[in-house]
Amino acid sequence: MDRLGVMEVFVLAVETGSFSAVARRLGMGQPTVSRLIAQLEAHLGSRLLLRSTRGLAPTEADAMVQQCRAGLSGRLRVSAPVTFARLHIIPHLAGFLVAHPGLDLEILLDDGNVDLISAGIEVALRIGKQADSSLVARCLARSDMRVLATPAYLAAKGEPETPQALQQHDLVLYSPRPGVGQQWRFRRGVEEKVVSGEGRLTVSAAEGMRAAVLAGLGLGIASEWMFAPELARGEVVAVLPEWQLPMQELWTLLPAGRQPGAKASAFLAFVTGLPGVGHTPAE
C-alpha cells in the first residue's frame with residue numbers, strides 16, 4: 001500500500017462513490033481497493049459502505065470521513081510481540097509515518113499479556129490463541145508452523161524422517177514456563193501423529209529460541225514469521241515438509257466494549273498489508 005494509506009482509500013471511495021474511480025485515481029487494481037475496504041470494515045466490525053448497481057453509499061461513516069480528511073493526529077500506543085514487531089513491523093514503519101505526519105506512534109514491545117487499560121494501550125497484537133474474556137479479540141492473520149534447523153545441524157545430526165524421530169533429536173523449546181513439556185499435533189492427509197518433546201534447552205523468549213536454533217543447538221518448532229529472513233536466505237530450512245502443524249495466529253486485542261478508533265484501524269490495516277505477514281483468515 002502506498003503512502004496514501006487505507007483510510008485515504010476509504011475517503012476517496014465515499015467521495016467518488018466508485019471503487020473503479022478510486023482505482024483509476026490511485027493507479028491500483030479495483031480488487032485491491034475492494035480488499036482494503038473489506039479489511040477496514042472487518043477491523044471495525046461494521047459495514048461502512050453499501051454496494052448497489054448505482055454505486056457506493058456511506059452508512060454511518062461521516063464522522064470517520066471527517067477525521068480522515070483532517071488527518072490522523074495525536075499519540076497511538078500499541079503493544080506487540082518483540083520478535084514479530086522487530087522482523088515484520090518496525091522495518092516498514094517509514095511509509096506509515098510518512099502517510100500520517102501528525103501521528104506519534106509508541107510501540108510497547110512485550111511478549112507477555114500486558115494489561116491494556118493500565119498501560120494505556122489502544123490496540124494490542126499477540127501471537128497465539130487468546131482466552132481472556134475481558135478483551136475483544138480478533139484473528140488478524142495466520143502463519144504456517146514449521147520444524148526448522150540450520151543446514152549445519154542437519155549435516156551433523158541427520159534429518160528426521162518422521163515426527164516421532166524428533167524425540168531422538170536435540171530440541172530447542174520456546175515456553176514462557178521453562179520445564180513444562182510440549183506436544184505437537186502433526187497431520188499428513190488423514191494421518192495424525194501427536195509427538196511429545198522435552199528439549200535439553202528451553203527458553204522463555206522468542207529471541208532466545210531464534211538465537212539457539214541459528215547457533216545450531218537443535219531443531220525448533222516455530223512459525224514462519226519467527227524465521228522469515230533466515231528462511232528466505234537458506235540459513236534455516238524446514239524438515240518434514242509433507243507434515244502440517246496447526247497454524248500460528250496473530251490476534252488483535254482491544255479492551256472489552258471498545259471498537260478500534262481511526263488511528264488504531266489505520267495501524268491494523270497497515271499491519272495486514274505488510275509483506276510476509278501471512279495468510280489473512282476468511283471472515
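At what angle do the axes of helix 5 (residues 82-89) and helix 9 (residues 206-214) cross? Before we get there, keep in mind that the model you have in front of you is predicted.

Let's start with the helices. Two packed helices are described by the angle between their axes and by the distance between those axes. Here, the axes of helix 5 and helix 9 cross at roughly 70° and come within 7 Å. Angles of 65 to 115 degrees count as roughly perpendicular, so helix 5 and helix 9 are roughly perpendicular to each other. If you want to pick out the residues that make this contact, select Val82, Thr83, Arg86 and Leu87 on helix 5, together with Ala206, Glu207 and Arg210 on helix 9. Sorted by class, the contact of helix 5 with helix 9 has three charged, three nonpolar and one polar residue.

Now let's turn to the cavity. The structure holds one cavity of 30 Å³ or more, and the volume of the largest cavity is about 50 Å³. Which residues line the largest cavity? Following the chain, you will meet Met145, Arg146 and Val147, then Phe186, and then Ala238, Val239, Leu240, Pro241, Trp243 and Leu245. Strand 7 (145-149) and strand 13 (237-239) are the elements that give two or more residues to this lining. Of the elements, strand 7 gives the most, with three residues. As for the character of the lining, nine of its residues are nonpolar, one is charged and none is polar.

Note on methods. Residues are numbered from 1 along each chain as its sequence is written. This is a predicted model: local features need pLDDT of at least 70, side-chain atom pairs count only at pLDDT 80 or more; totals for chains, interfaces and linings use all residues. Side-chain values use heavy atoms; hydrogens and water are left out. On a 1 Å grid over the protein atoms alone, a cavity is a set of points where a 1.4 Å probe fits but cannot get out, and a pocket is an open set with protein on both sides within 12 Å along at least five of seven lines; lining residues have an atom within 4 Å of a point. Grid points are joined across faces, edges and corners, and a volume is the space filled by probe spheres set on the points. Helices (H or I, at least four residues) and strands (E, at least two) are DSSP runs, numbered from the N terminus. Ala, Val, Leu, Ile, Met, Phe, Trp, Tyr, Cys and Pro count as nonpolar, Asp, Glu, Lys and Arg as charged, and the others, Gly among them, as polar. Axes are lines fitted to C-alpha atoms, for helices over the stretch in contact, and angles run from 0 to 180 degrees between N-to-C directions. Angles under 35 degrees count as roughly parallel, over 145 as roughly antiparallel, 65 to 115 as roughly perpendicular and the rest as oblique. Contact means heavy atoms within 4.5 Å.
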